[in-house]
Amino acid sequence: MSESDSLSALPGPEPLARRAHGSGDSWVQGPNGAKYWGAFGAAGLLVVHRQTGVLLQHRAEWSHFGGTWGLPGGARHESESAAQAAIREAEEEAGVPGNELALRFESVLDLGWWSYTTVVADAPALFAPVVGDAESLELRWVGFDQVGALPLHPGFATRWPSLLGDLEVHPRLIVDVANVIGSRPDGWWRDRAAATERFVRSLDAAVHGGIPAALLGATHDVWWPTVTAVIEGQARSMAASPSVIEVVRAPRDGDTSILEVAASAVSRAEGPVTVVTADRELARRVVSAGARVIAPGELLRVLDALT
């Protein structure tokens, strides 16, 4: 018996119970007459364990496309993000330990009047899923190469190849903090350390909610990348201790540290490496090392929108 077999789904206290409806639990009808579940859209969670595979739900026969395999998920509540909805639904339906997951990326099907978001997250440790309600016939860890052999929900079947292709992708964002702060004349020069701390806090807060894929040169829609903020000079005395991003306090000049971080990330070939700077010489050097460069204004517009 494999480890994944020993972690097959366990029944919850009332596995056949139907959950009470939430604020978004209703059908919506599009201009072509098609009906979709979720007044505020819907979301599903693709939980990935690197050595085992992905967690899939065998859908109850009475449900939409019953009998097929897909993702635990459901309707979003009002004012709920896609990630919050996907994790909540997966906790309720499959006993997924949401607080232990590492969010990776989101892929959105947007019809204009309704959307479905696939949220991809890594599970650092294997866990036994729990059938939490009547929406599941079974929950199972399925090997990456075995997913296609199952009768899949049509929507998931369409998206699975593109999702599978990016499960090993890890975008990296490296920020030349002094250069970015210096691009906006807001009085930063009066206290460089305080200005740096404000910026690092705003960047950390934004990363919690995910970064647009276009900013990172990545596919899909939103990513939770590895973000490195490089600070130098007087700014190294800033006191912020971010919870998501990493901070490199350059021992000498910031350019040298940025180039070192970028070259190291490129050498691992895990995904696109993006450096945020307007310094032309630094930009030339990091591009030569294999990274891409975006202007500070592109990042600042994203931060303004997200924070």
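How many helices and strands are there in the protein? Color by secondary structure and you'll find nine helices and 18 strands. Keep in mind that you're looking at a predicted model.

**The whole chain**

Start zoomed out. Along the principal axes, the C-alpha atoms fill a box of roughly 65 × 45 × 35 Å. The protein has 307 residues, and 49% of them count as buried. If you draw a contact map, look at pairs at least 6 apart in sequence: 67% of those contacts join residues at least 24 apart.

**Stop one: Thr68**

Select Thr68, which sits in the loop between β5 (53-59) and β6 (69-70). Is Thr68 buried or exposed? With a relative accessible area of 13%, Thr68 falls under the 20% cut-off, so it counts as buried. Now show what surrounds it. Leaving aside residues up to four places away in sequence, Thr68 touches Gln57, His58 and Arg59, plus Pro151, Leu152 and His153.

**Stop two: helix α5**

Next, select residues 192-208, which form helix α5. Try a distance between its end C-alpha atoms: they are 25 Å apart. At 1.5 Å a residue, the 17 residues should span 24 Å, so the two values agree.

Now show side chains for the buried part of α5: Ala193, Ala195, Thr196, Glu197, Phe199, Val200, Leu203, Asp204, Ala206 and Val207. While you look at the spacing, recall that an α-helix has 3.6 residues a turn, so residues three or four places apart point the same way.

What do the buried residues of α5 pack against? Turn on these elements one by one:

- the strands β12 (172-176), β13 (211-212), β15 (226-231) and β16 (246-249)
- the helices α4 (177-182) and α9 (296-306)

Before moving on, step just past the end of α5 to Gly210, where phi is positive, at about 95 degrees.

**Stop three: α7 against α8**

Finally, select helix α7 (residues 254-268) together with helix α8 (residues 280-288). Their axes are 10 Å apart and the helices pack at an angle of about 20 degrees. An angle under 35 degrees counts as roughly parallel, so that label fits α7 and α8. Their crossing is right-handed.

Which residues make the contact? On the α7 side, pick Asp255, Ile258, Leu259 and Ala262; on the α8 side, pick Leu282, Arg285 and Val286. Color this set by residue type and you get five nonpolar, no polar and two charged.

Conventions
Residues numbered from 1 in each chain as written. Predicted model: local features only at pLDDT ≥ 70, side-chain atom pairs only at ≥ 80, totals over all residues. Heavy atoms only, no water. Axes fitted to C-alpha atoms, helices over the stretch in contact; angles between N-to-C directions. Helix = DSSP H or I, 4+ residues; strand = E, 2+ residues; numbered from the N terminus. Parallel < 35°, antiparallel > 145°, perpendicular 65-115°, else oblique. Left-handed = near helix turned anticlockwise from the far one by under 90°. Contact = heavy atoms within 4.5 Å. Nonpolar A, V, L, I, M, F, W, Y, C, P; charged D, E, K, R; others polar. Expected span 1.5 Å × (residues − 1). Buried < 20%, exposed > 50% of the residue type's maximum accessible area, 1.4 Å probe, protein only.
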